[in-house]
Amino acid sequence: MAMKKEKGSVSIDAQNIMPVIKRWLYSDKDIFLREAVSNACDAITKFRMLHPDSEEAMSVTVTVDKEKKQITISDTGIGMTADEVRKYINQVAFSGAAEFMKQFENEKPEEKGDIIGHFGLGFYSVFMVSDKVEIQTLSSEGEADPVHWVSEDGMSFELSGGKRKAHGTDIILHITEEEKEFLDVWKVREVLNRYCGYMTYPVMLEDANAKPVEKDVPVGDEKNEDGTQKTEKVLEVPKPQQINDTAPLWLKKPSECKDEEYKEFYHKVFMDFDDPLFWIHLNVDYPFNLKGILYFPKLKNDFGTHEGQIKLFAGQVFVADNIKEVIPEFLMLLKGVIDCPDLPLNVSRSFLQNDGYVKKISTHITKKVADKLNSLMNTERETYEGYWDDIAPFVKYGCIKDSKFFDMVKDSVLLKKTDGKYSTIAEYKAANFDKTDKKVYYTNDEKRQAASVKLYTDRGIEVAVMNTIIDGNFMSFMEYQGKEEDRVTFARVDADIDGLKEESEEGKDLDAGKLQTLFRGALGKENLEVKLESLGDADMTAMVTEDEQMRRYKEMSRLYGQNFPIPDSFTLVLNRRNTTVQALAQRDPEDETTKMLCCQVYDLARMAAQPLEAEEITAFLDRSRKLLAMMVNK
Ligand SMILES: Nc1ncnc2c1ncn2[C@@H]1O[C@H](COP(=O)(O)OP(=O)(O)OP(=O)(O)O)[C@@H](O)[C@H]1O
């Protein structure tokens, strides 16, 4: 029996919602396709559940018709009866509308959109791009009649008998003039690839205006003279193309995935042609559902430009990249996909931040990452060391950001040393702490500090290389924020001479005060601190040290662009065992040559730690020439 035409308005709430949808989600309009296609997939799932034995091929087809200015999303799912349309469409499926409005009022402007924009809009998001929407649907259940629903504004509708012959639903969008870019097939393909690339049923893209193209088709079994298959040219309209992969790798059992598959997936999804170092396949069913693959990428540049990408999916439907409420911040340096079908994504960001379920997910991921690092460290130490340079920034950043992560991985944190080998902090302590006054000596520039490094390595003290941007923060973390028993002090090779001292009788009688006066006068530095020490290497004349904390403070303020003057905190350490120092102590402090020699000692000591400034170099070269001339003319 033909259905009587019925008119009405969608619901009271809808009148409030339509302007909100249009206003707030302006920047994220393309999600309408995701909403419509995922509804279509849901409809197929429902059909499958009710007809488990059906062998019908199921798919969703998105047809772009630029000429008619329409996009149609068509599925072979359960369809809707007229009553269901009234119930699910007319009464605004969008549950808790008033609540939603309230949440929006409380959100900060920059937080509006995003997650809310990603889920919870449902069917009505199609009105962001359409000035008329039609539904042609036929329910697979009972003896239902096809139904036609049409609405021009999302607020009032007309319901009448429809045209669909097979069960399923067509959602026909009449695209507005402003949104006509969605009538370009490439644009729709791009949006479908992004949001629907891994949905559960085949999603086909069809160009309704596609012109026939010439194709070579085989002619039976006929062969050409040269024995090749005979073909003829035929005009063919391009067929709809499937845009998605319905069985993404992350849903497979880890034991069934091959290394090559992981790599291929990585190349494809992240457009990174390098292989990843290693990966973690997350596969949890209980107490929550979480699947995914996290890749540790090879570092391209230094830490500063290292950016990861974690794609969040909810039941194979893409939500967004790098949602920091769900994924621990430091994991954003990795690349990967995470699929949590039960995520409460239709809520505000601030809610997500405090949600216990979300916290559990994030804790679980962190633990899995720590487990992987520890297991590599414990069972494949050599391989792990090979990865260390690439993963160090990530691990160190993770330690600083999340103390629980630090607790889990602290025994897998390595120190790279100047000899190219790696130690854990415990190993470094065991090998060096008796000689270093319980400090880890490090260099942040192996080339420039080569001479200072050698002083330590010659004495059998290992020197760590701490030369990435994160290292400054990491060392401070290890010194102050870690637990008491984990704390370690770091000192740059030119920070002090605690590791270089050696008891001896040589030069014990030298007058330290007199030498200080001599050097201060010669260098014109009234406040220079001069110390007299007995250093292990008697050939070493002097060293210039710079207090570790003051130097770091200076570096930090330079980094943050503060340029108020911070006084130098250099100390000149003279080696009383060295014969040059002993001879200088005997010389006339007023003599010009004595002064020149003092300056030369100071410059040489400084140069061992870092290059001199331009003017200082000029003075040094000039003085060197004079001293040479004096030597040869003697
Ligand atoms: N293609 C379709 N086939 C059958 N039923 C549909 C289809 N599209 C929408 N519906 C019905 O309309 C309802 C409302 O859809 P809507 O997208 O607004 O909300 P939802 O899918 O329930 O939730 P969400 O807000 O997460 O999208 C659906 O629950 C479903 O019953």
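How many bridges join strand E22 to E24, and do they run parallel or antiparallel? That is a handy place to start with this predicted model, and the notes below take it from there.

1. **E22 and E24.** The answer is 5 bridges, with strand E22 (residues 529-533) and E24 running parallel. To find your place in this pairing, look for Val 530: its bridge partner in E24 is Leu 572.

2. **E24 and E23.** E24 also pairs with strand E23 (residues 542-546), through 5 bridges, and here the two run antiparallel. Leu 572 turns up again: Val 544 stands opposite this residue of E24. So if you want one residue to keep on screen while looking at both pairings, Leu 572 will do, as the partner of Val 530 and as the residue facing Val 544.

3. **How enclosed is E24?** Strand E24 covers residues 570-575, and 6 of the 6 are buried, so the strand is largely enclosed by the rest of the structure. Its side chains go two ways: Phe 570, Leu 572 and Leu 574 point to one side, while Thr 571, Val 573 and Asn 575 point to the other. Both sets are buried.

4. **A cavity beside these strands.** The count of cavities of 30 Å³ or more comes to 3. The second largest has a volume of about 50 Å³. Its lining is made up of Asp 494, Val 544, Thr 545, Glu 546, Phe 570, Arg 606, Ala 609 and Gln 610. Two elements give two or more residues each to that lining, E23 and helix H18 (592-609). E23 supplies the largest share, 3 residues. You will recognise Val 544 from the E23 pairing and Phe 570 from E24.

5. **What sort of lining is it?** Sorted by class, the second largest cavity is lined by 3 nonpolar, 2 polar and 3 charged residues.

6. **Another strand with two partners.** Now move to strand E4 (residues 130-138). Here 7 of the 9 residues are buried, so E4 is largely enclosed by the rest of the structure. E4 pairs with strand E7 (residues 168-175) over 8 bridges, in the antiparallel sense. Within that pairing, Lys 132 has His 174 of E7 as its bridge partner.

7. **The other partner of E4.** Strand E5 (residues 147-151) is joined to E4 by 5 bridges, and these two run antiparallel. Val 133 is a good residue to look for, since Val 133 stands opposite Ser 151 in E5.

8. **A buried loop residue.** Asn 244 sits in the loop between strand E11 (241-242) and helix H7 (259-270). Buried or exposed? Asn 244 has a relative accessible area of 9%, so it counts as buried, the cut-off being under 20%. Its side chain reaches the backbone oxygen of Met 199 at 3.1 Å. Leaving out residues up to four places away in sequence, Asn 244 touches Cys 196, Gly 197, Tyr 198, Met 199, Tyr 201, Pro 202 and Val 203.

9. **An exposed loop residue.** Asp 411 is also in a loop, the one between helix H11 (403-409) and strand E17 (414-416). Asp 411 is exposed, with a relative accessible area of 60%. Setting aside neighbours within four places in sequence, Asp 411 is in contact with Met 377 and Thr 424. Another landmark is Leu 373, 38 residues away along the chain, whose C-alpha atom is 9.9 Å from that of Asp 411.

Definitions and conventions. Residues are numbered from 1 along each chain as its sequence is written. This is a predicted model: local features need pLDDT of at least 70, side-chain atom pairs count only at pLDDT 80 or more; totals for chains, interfaces and linings use all residues. Side-chain values use heavy atoms; hydrogens and water are left out. Buried means under 20% relative accessible area, exposed over 50%, partly exposed in between (1.4 Å probe, protein chains only). Helices (H or I, at least four residues) and strands (E, at least two) are DSSP runs, numbered from the N terminus. Two strands pair if DSSP finds at least two bridges between them. Contact means heavy atoms within 4.5 Å. On a 1 Å grid over the protein atoms alone, a cavity is a set of points where a 1.4 Å probe fits but cannot get out, and a pocket is an open set with protein on both sides within 12 Å along at least five of seven lines; lining residues have an atom within 4 Å of a point. Grid points are joined across faces, edges and corners, and a volume is the space filled by probe spheres set on the points. Ala, Val, Leu, Ile, Met, Phe, Trp, Tyr, Cys and Pro count as nonpolar, Asp, Glu, Lys and Arg as charged, and the others, Gly among them, as polar. A polar contact is a pair of N or O atoms within 3.5 Å; within protein, one must be able to donate a hydrogen and the other to accept it, and residues adjacent in sequence count only if both atoms are side-chain atoms.
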